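Subject: Handover of a structure and notes on its contents

Dear colleague,

Please find below the structure that I am handing over to you. I would be grateful if you would read the notes beneath it with the coordinates open.

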Amino acid sequence: MFEKLRRIFGDSGKAEEQLVVAPLGGSSAEYPSVSFADYIEAYLKDPDIAASVDFLTHQVVAPGFHTESDNEEAKALIDDFCAKVNLDNLLFSVVKEVVLAGNSFLRYKLDSRGKITGLIHCLLY
């Protein structure tokens, strides 16, 4: 495993071997922290990682989504908002980040009256 990481990241020290801390009564492993940029770099450099992430992302997002409501006006309002913010493509990006690194962030955009007018994908790389 570490050999593959060394090939991806080189000998820059990013792929360090685990350190073992031996507390009283047992042992536990301490691993180096991995930044979001490290995940992106691995995704871009390793076709196996990219293929796995893309496959799982498509499995989650491909079926799509639909809205349901007893109130047709509310359903139309939500459907219009989803279309306006291009939620289908936004979900693809968010799910890809979640599959790759376990997290993704969105923030909402407000107009001058405080009404939500859009969603902004906060890129972490």
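The notes that follow go from the overall fold to individual residues.

Please bear in mind throughout that this is a predicted model.

**Overall organisation**

The chain contains five helices and four strands. Read from the N terminus, these elements follow the order α-β-β-α-α-α-α-β-β. Of the 125 residues in the chain, 21% are buried. If one takes the contacts between residues at least 6 apart in sequence, 48% of them join residues at least 24 apart.

**The nonpolar core**

Which residues make up the largest nonpolar core? There are six in all: Phe 36, Ile 40, Tyr 43, Ala 50, Val 53 and Leu 100. Helix 2 (36-45) and helix 3 each supply at least two residues of this core, and helix 2 gives the most, with three. Leu 100, one of the core residues, is also listed among the buried residues of helix 5. Setting aside residues up to four places away in sequence, Leu 100 touches Tyr 39, Ile 40, Tyr 43, Ile 49 and Val 53.

**Helix 5**

Helix 5 covers residues 87-101. Its 15 residues should span 21 Å at 1.5 Å a residue, and because its end C-alpha atoms are 21 Å apart, the two values agree. The buried residues of this helix are Leu 87, Leu 90, Val 94, Val 95, Glu 97 and Leu 100. What do these buried residues pack against? Their partners are helix 2, helix 3, helix 4, strand 3 and strand 4. As background to such a pattern, an α-helix has 3.6 residues a turn, so residues three or four places apart point the same way. After helix 5 comes Gly 102, with a positive phi near 85 degrees.

**Helix 4 and its two ends**

Helix 4 consists of 13 residues and reaches 18 Å from its first C-alpha to its last, close to the 18 Å expected at 1.5 Å a residue. Its N-terminal end is capped by Asn 71, which has a side-chain oxygen 2.9 Å from the backbone nitrogen of Glu 73. At the other end, helix 4 is followed by Asn 86, which sits in the loop between helix 4 and helix 5. Asn 86 has a positive phi of about 55 degrees although it is not a glycine. Is Asn 86 buried or partly exposed? Its relative accessibility is 39%, so it counts as partly exposed.

**Polar residues in two loops**

Thr 67 is located in the loop between helix 3 (47-61) and helix 4 (72-84). Because its relative accessibility is 19%, and buried means under 20%, Thr 67 counts as buried. Its side chain makes polar contacts with two other side chains: that of Lys 75, at 3.1 Å, and that of Asp 79, at 2.5 Å. Leaving out residues up to four places away in sequence, Thr 67 touches Lys 75, Ile 78 and Asp 79.

Asp 46 belongs to the loop between helix 2 and helix 3. Asp 46 is buried, at a relative accessible area of 5%. A polar atom of its side chain lies 2.8 Å from the backbone nitrogen of Asp 48.

**The hairpin of strands 3 and 4**

Strand 3 (residues 105-110) and strand 4 (residues 116-122) pair in the antiparallel sense, over six bridges. Within this pairing, Arg 107 has Ile 120 in strand 4 as its bridge partner. The two strands form a hairpin with five residues between them. In the turn, Gly 114 has a positive phi of about 85 degrees.

**Cysteines**

How many disulfides does the structure hold? The number is zero. Cys 82 is buried, with a relative accessible area of 13%, whereas Cys 122 is partly exposed, with 22%. Because the limit for buried is under 20%, the values of 13% for Cys 82 and 22% for Cys 122 place these two residues in separate classes.

With kind regards

Note on methods
Residues are numbered from 1 along each chain as its sequence is written. This is a predicted model: local features need pLDDT of at least 70, side-chain atom pairs count only at pLDDT 80 or more; totals for chains, interfaces and linings use all residues. Side-chain values use heavy atoms; hydrogens and water are left out. Buried means under 20% relative accessible area, exposed over 50%, partly exposed in between (1.4 Å probe, protein chains only). A polar contact is a pair of N or O atoms within 3.5 Å; within protein, one must be able to donate a hydrogen and the other to accept it, and residues adjacent in sequence count only if both atoms are side-chain atoms. Contact means heavy atoms within 4.5 Å. Two strands pair if DSSP finds at least two bridges between them. A disulfide is a pair of cysteine sulfur atoms within 2.5 Å. A nonpolar core is a set of buried Ala, Val, Leu, Ile, Met, Phe, Trp, Tyr and Cys residues joined through side-chain atoms within 4.5 Å. The expected span of a helix is 1.5 Å times one less than its number of residues.
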